[in-house]
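Here are some notes to read alongside the structure, written for someone meeting it for the first time. Keep the 3D view open and look up each residue as it comes up.

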Amino acid sequence: MQIEIETNTMLGEETRDPCNECGAKTYHKILASADSVRRAGDDIEIIRDAHQIIQCQGCKKLSFKKTRTNRAALPNPDVTVQFFPARIFGRNPIYKKYQLPNQVFEIYKEAHRALADGSVILTGMGIRAIVEAICRDKNASGKTLYTKIDSLVSMNILTQDGAKVLHGLRVMGNEAAHSVKAHTIRELSIAFEVVDFLFLSAYVLPRAANDLGM
């Protein structure tokens, strides 16, 4: 099998890709590219690894995109795409919008990065760590995370329904840490939506009420 390098074959062209900064799919311009092409006999292309430096045409941020096309998996080629920094379309980290306590911010950032990287077990453990960090920051009472979550209700930070959902996240994290259970990207994305709403009730709304003198 022979390998060839092709440079700037799509220079200046635009693609529609997710942007972490914009939080949506936007047009990206290809500023530079280098393709590694593996061919079999009779010059048949088997695998193409396209490496591209791309720029969002909205926020102008630069990123790196790698696309592998495996034509050995006929009749339909197998295509995988990776971005650096990693991202998930439609899952824009909330810390870009709201100021959070430092210890909560750092755990959230790392857990979100694990989700974008596809590290599902680490993400499950990270979601539990986020809940623990919020309980610690809010001085929730109790010896276990279970009782601490319940105490957030008596502190009027959570509703009963909210506590029920957080207990579900606690169990999800326990399964990842102790049973090495890998939840799906969809399940973990939904879990992050719950965490985002927790941030709203624990930090954003109280700060807004205070600013309004309420």
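**Notes on the strands, the rings and one helix**

1. Let's begin with a pair you can find quickly: Thr15 has His28 of β3 standing opposite. Thr15 belongs to the stretch covered by strand β2, residues 14–19, and β2 runs antiparallel to β3 with six bridges joining the two. Further along, Cys19 faces Ala24 in β3.

2. A word on trust before going on. This is a predicted model, and the mean pLDDT of the protein chain is 85, with 93% of the residues at 70 or above. Which elements mark the two ends of the scale? Strand β5 (residues 62–70) has the highest mean, 93, while helix α5 (residues 185–211) has the lowest, 80. Please keep that value for α5 in mind when you reach the rings below.

3. Now follow the chain from β2 into β3. The two strands make a hairpin, and four residues lie between them. In that turn, Gly23 has a positive phi of about 70°.

4. Strand β3 (residues 24–40) has other partners too. Strand β1 (residues 2–7) pairs with β3 in the antiparallel sense over six bridges, and Gln2 stands opposite Arg39 there. On to strand β4 (residues 44–56): 12 bridges join this strand to β3, again running antiparallel. To see one of these partnerships, look for Ser36, whose bridge partner in β4 is Asp49.

5. As you trace these strands, a general point may help: side chains in a regular strand alternate between the two faces of the sheet.

6. Next, a charge and a ring. Where does the charged end of Arg16 sit? You will find it over the ring of Tyr27, at 5.1 Å from the ring centre.

7. The model has four aromatic pairs. One of them joins Tyr108 and Phe199, with 5.2 Å between the ring centres and 55° between the planes, a tilted arrangement. Why does this pair tie together parts far along the sequence from each other, 91 residues apart? Because Tyr108 is in helix α1 (residues 102–117), whereas Phe199 is in helix α5. Both Tyr108 and Phe199 are buried.

8. Phe199 has a second ring partner, Tyr203: their centres are 6.3 Å apart and their planes meet at 50°, so this pair is tilted as well. Both residues lie in α5, four residues apart, or about one turn of the helix. The general rule is that an α-helix has 3.6 residues a turn, so residues three or four places apart point the same way. Are Phe199 and Tyr203 buried or exposed? Phe199 has a relative accessible area of 0%, so Phe199 is buried. Tyr203 also counts as buried, because its relative accessibility is 5%. Together with Tyr108 and Phe192, these two residues form a cluster linked by ring pairs.

9. Finally, have a look at helix α2 (residues 120–137). Its 18 residues span 26 Å from the first C-alpha to the last, close to the expected 26 Å. Its buried residues include Val120, Ile127, Arg128, Ile134 and Cys135. Among the elements that cover the buried residues of α2 are α1, α3 (145–154), α4 (160–178) and α5. Just after the helix comes Asn139, with a positive phi of about 55°.

Notes:
Residues numbered from 1 in each chain as written. Heavy atoms only, no water. Pairing = 2+ DSSP bridges. pLDDT = per-residue confidence, 0-100. Phe/Tyr/Trp six-rings, centres within 6.5 Å; stacked < 30°, edge-to-face > 60°. Buried < 20%, exposed > 50% of the residue type's maximum accessible area, 1.4 Å probe, protein only. Lys NZ or Arg CZ within 6 Å of the ring centre and 35° of its normal. Expected span 1.5 Å × (residues − 1). Contact = heavy atoms within 4.5 Å.
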